[in-house]
Amino acid sequence: SKTALVIGWNGAGKTAVIQSLRGGSSEPLPTRGVIKNIATLKYGPPDEQLECALEMIDVGIEPKLEAKTASYQQWLSQADAVIVVLEATKTIERFRPEELKHAKELIRRMSDEPEIREKPWLVFANKSDREDTLPVEQVLELFDLENIFKGRTWQLQRCSALTKEGLNAGSAWLVCKLLDEGRPQGLPSQHASSSTAPWFDDALKPPTLLR
């Protein structure tokens with residue numbers, strides 16, 4: 001089994017994404033304290049499917065940058081991967097710019113933490129079901145993702161916790177990375193994809209990836 005730390009600003013839909021990945025309700029109550037959920041993520045065609053049991057650590061804390069950054073510290077050493085959930089809507093861009101600023105700074109700070117900087121980072125651009133959803137290119141620019149994750153192993157995945165769009169594609173990429181990392185050194189990987197580019201190989205990705 002593997003462990004992922006789930007981070008993001010309040011209201012982005014972290015808990016909803018986790019519950020949807022587990023097959024549960026996409027409208028959970030706001031998280032208070034620390035909740036650990038386990039989901040069985042699958043990747044590949046049915047006859048050659050790979051599975052990975054993933055424990056996701058969801059930390060609920062007040063929407064203050066210092067408090068949120070501090071709340072994640074004790075979980076960094078346990079994380080095999082990081083899942084970031086962003087609210088990718090025009091509403092946050094136009095009417096809640098401070099939240100966008102804090103969300104971007106939170107990602108920047110956490111990505112510099114030595115325990116997790118070299119881990120796979122899956123970034124979910126959530127709320128793609130809404131009419132005011134942002135295009136992928138704008139998400140990259142607004143949150144400065146290409147600069148923050150330059151030289152890292154990361155993936156940007158458009159998704160909706162409500163309709164589950166994009167969740168399978170994102171989790172497939174994460175399973176691929178986590179299982180590849182667990183292979184003994186010198187053993188060839190079964191999955192070919194770039195370690196730095198934010199797009200998954202067309203031959204491997206489900207058709208809902210990104211757009």
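**Exercise 1. Overall composition**

What percentage of the 211 residues in the protein chain is buried? Determine also how the secondary structure of the chain is made up.

*Solution.* The model is a predicted one.

Step 1. Buried residues account for 49% of the 211 residues.

Step 2. The chain exposes about 10100 Å², of which carbon and sulfur atoms supply 48%.

Step 3. The secondary structure consists of 7 helices and 6 strands. Read from the N terminus, the elements follow the sequence β-α-β-β-α-β-α-α-β-α-α-β-α.

Step 4. Among contacts with a separation of 6 or more, 73% are between residues 24 or more positions apart.

**Exercise 2. Order of the sheet**

Establish the strand order of the sheet and identify its edge strands.

*Solution.*

Step 1. The sheet is open and has 6 strands, in the order S2-S3-S1-S4-S5-S6, with mixed pairing.

Step 2. Strand S2 (33-43) and strand S6 (154-158) are the edge strands, since each pairs on one side only.

Step 3. From one strand to the next, the twist averages 25°.

**Exercise 3. Parallel and antiparallel pairs**

In which sense do S2 and S3 pair, parallel or antiparallel? Compare the result with the pairing of S1 to S3 and of S5 to S6.

*Solution.*

Step 1. As background, the strands of a sheet pair through backbone hydrogen bonds, in a parallel or an antiparallel manner.

Step 2. S2 and S3 pair in the antiparallel sense, over 11 bridges. These two strands form a hairpin with 6 residues between them, and Gly44 in the turn has a positive phi of about 105°.

Step 3. Strand S1 (residues 2-7) runs parallel to strand S3 (residues 50-60), and 5 bridges join them. Within this pair, Ala4 has Met56 of S3 as its bridge partner.

Step 4. Asp58 connects the two preceding steps: Val6 stands opposite Asp58 in S3, and Ile35 stands opposite Asp58 as well.

Step 5. Strand S5 (residues 121-126) and S6 also run parallel, joined by 5 bridges. Here Ala125 has Arg158 of S6 as its bridge partner. S6 is mostly covered, with 4 of its 5 residues buried.

**Exercise 4. The surroundings of Ser128**

Is Ser128 buried or exposed? Locate the residue and describe its polar contacts.

*Solution.*

Step 1. Ser128 lies in the loop between S5 and helix H5 (136-142).

Step 2. The cut-off for a buried residue is under 20% relative accessible area. Ser128 has 7% relative accessibility and therefore counts as buried.

Step 3. Beyond its neighbours within four places in sequence, Ser128 is in contact with Thr133, Arg158, Cys159, Ser160 and Glu165.

Step 4. Two of these residues also have polar atoms facing the Ser128 side chain in the list of distances. The side chain of Glu165 makes a polar contact with the side chain of Ser128 at 2.8 Å. A polar atom of the Ser128 side chain lies 3.5 Å from the backbone nitrogen of Ser160.

**Exercise 5. Cysteines**

How many disulfides does the count give? State also whether Cys52 and Cys176 are buried or exposed.

*Solution.*

Step 1. In general, a disulfide is a covalent bond between the sulfur atoms of two cysteines.

Step 2. The cut-off applied is a pair of cysteine sulfur atoms within 2.5 Å. By this rule the count is 0 disulfides.

Step 3. Cys52 has a relative accessible area of 4% and so is buried. Cys176, at 1% relative accessibility, likewise counts as buried.

Note on methods
Residues are numbered from 1 along each chain as its sequence is written. This is a predicted model: local features need pLDDT of at least 70, side-chain atom pairs count only at pLDDT 80 or more; totals for chains, interfaces and linings use all residues. Side-chain values use heavy atoms; hydrogens and water are left out. Two strands pair if DSSP finds at least two bridges between them. Axes are lines fitted to C-alpha atoms, for helices over the stretch in contact, and angles run from 0 to 180 degrees between N-to-C directions. Buried means under 20% relative accessible area, exposed over 50%, partly exposed in between (1.4 Å probe, protein chains only). Contact means heavy atoms within 4.5 Å. Accessible areas come from the Shrake-Rupley method with a 1.4 Å probe; for residues, only the protein chains shown count as cover. A polar contact is a pair of N or O atoms within 3.5 Å; within protein, one must be able to donate a hydrogen and the other to accept it, and residues adjacent in sequence count only if both atoms are side-chain atoms.
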